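The following explanation leads a new reader through a single protein chain. It begins at a loop and then turns to the helices and the aromatic rings.

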Amino acid sequence: MSFLLFQGALALYLLATADHLVFFVSEKGALRTIARFLFVLAFLLHSGAILVRFFEAGYFPVVTGYEKLSFFAWALGCGYLSFYWRYEVQNLGAFVSLLSLSLMASALCLPRASAVLSPQLQSAWLPVHASFS
């Protein structure tokens, strides 16, 4: 289930990236609105994928390479959306969506199997450490 949500988020990131890049060249306001809407939808699907992965794996999903890249793409999107709602930047979305798409596509190439956590990683501090890193 988490992989299906991941694929949906990847498709929406692709559409948002294409729309952001077309807006970057043409500067039509309607395209920016559509691109941002697609990016928010992709971010929400991606959030769902990470949450489902958390329940499937039984740990905060930042252990394998696939999970790390996925989480970093999610954190990048979260930072961008927070920054946009605070400052309403115009063209940053083209770069952030392209980088998020690249990270998600790279994660897609890595094995998706859940890892068996070593005792050092079976701590409540893992999510805190990964989030602040």
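**From a loop to the helices**

Leaving aside residues up to four places away in sequence, Gln 90 touches Phe 23, Arg 32 and Arg 36. The model in which this contact appears is a predicted one. Gln 90 is found in the loop between H3 and H4. With a relative accessibility of 39%, Gln 90 counts as partly exposed. Along the sequence, Gln 90 and Phe 23 are 67 residues apart, yet their C-alpha atoms are 9.8 Å apart in space.

The wider setting of this loop may now be described. The chain contains five helices and zero strands, and its pattern along the sequence reads α-α-α-α-α. Of its 133 residues, 38% count as buried. Among contacts between residues at least 6 apart in sequence, 75% join residues at least 24 apart.

A second loop, between H2 and H3, holds Val 62. Val 62 has a relative accessibility of 11% and therefore counts as buried, since the limit for that class is under 20%. The C-alpha atoms of Val 62 and Ile 50 are separated by 9.5 Å, and the two residues lie 12 residues apart along the chain.

Attention now passes to a pair of helices. Helix H1, which covers residues 2-26, packs against helix H4, which covers residues 92-108. The angle between them is about 150°, and their axes are 8 Å apart. The crossing in which H1 passes H4 is left-handed. On the side of H1, the residues that make the contact include Phe 3, Phe 6, Leu 10, Tyr 13, Leu 14, His 20 and Phe 24. On the side of H4, among them are Gly 93, Phe 95, Leu 98, Ser 100, Leu 101, Met 104 and Ala 105. Sorted by class, the contact of H1 with H4 has 17 nonpolar, five polar and no charged residues.

Two residues of H1 illustrate how residues in this helix may differ in exposure. Which class does the accessibility of Leu 14 give? Leu 14 lies in helix H1, and at 48% relative accessibility it counts as partly exposed. Leu 14 and Ala 105 are 91 residues apart in sequence, while the distance between their C-alpha atoms is 9.7 Å. Tyr 13 also lies in helix H1, but at 0% relative accessibility Tyr 13 counts as buried. Between Tyr 13 and Ser 102 there are 9.5 Å from C-alpha to C-alpha, although the two are 89 residues apart in sequence. Apart from residues up to four places away in sequence, Tyr 13 touches Phe 39, Ala 42, Phe 43, His 46, Ala 73, Ser 100, Leu 101 and Met 104.

Tyr 13 leads on to the aromatic rings. Ring pairs link Tyr 13, Phe 39, Tyr 80 and Tyr 84 into a cluster. The ring of Tyr 84 also has the charged end of Arg 36 over it, 3.6 Å from the ring centre. Arg 36 was met earlier as one of the residues that Gln 90 touches.

How many aromatic pairs does a search of the whole structure find? The search finds 10. One of these pairs joins Phe 24 and Phe 95: their ring centres are 5.6 Å apart and their planes stand at 75°, so the pair is edge-to-face. Phe 24 belongs to helix H1 and Phe 95 to helix H4, and the pair links distant parts of the chain, 71 residues apart. Phe 24 is partly exposed, with a relative accessible area of 35%, whereas Phe 95, at 52% relative accessibility, counts as exposed.

The rings of Phe 43 and Trp 74 also have their centres 5.6 Å apart, but their planes lie at 15°, so this pair is stacked. Phe 43 lies in helix H2 (residues 29-57) and Trp 74 in helix H3 (residues 65-87), so the pair ties together parts that are 31 residues apart in sequence. Phe 43 is buried, with a relative accessible area of 11%. Trp 74, at 22% relative accessibility, counts as partly exposed because the buried class requires a value under 20%.

Methods. Residues numbered from 1 in each chain as written. Predicted model: local features only at pLDDT ≥ 70, side-chain atom pairs only at ≥ 80, totals over all residues. Heavy atoms only, no water. Axes fitted to C-alpha atoms, helices over the stretch in contact; angles between N-to-C directions. Helix = DSSP H or I, 4+ residues; strand = E, 2+ residues; numbered from the N terminus. Left-handed = near helix turned anticlockwise from the far one by under 90°. Contact = heavy atoms within 4.5 Å. Nonpolar A, V, L, I, M, F, W, Y, C, P; charged D, E, K, R; others polar. Phe/Tyr/Trp six-rings, centres within 6.5 Å; stacked < 30°, edge-to-face > 60°. Buried < 20%, exposed > 50% of the residue type's maximum accessible area, 1.4 Å probe, protein only. Lys NZ or Arg CZ within 6 Å of the ring centre and 35° of its normal.
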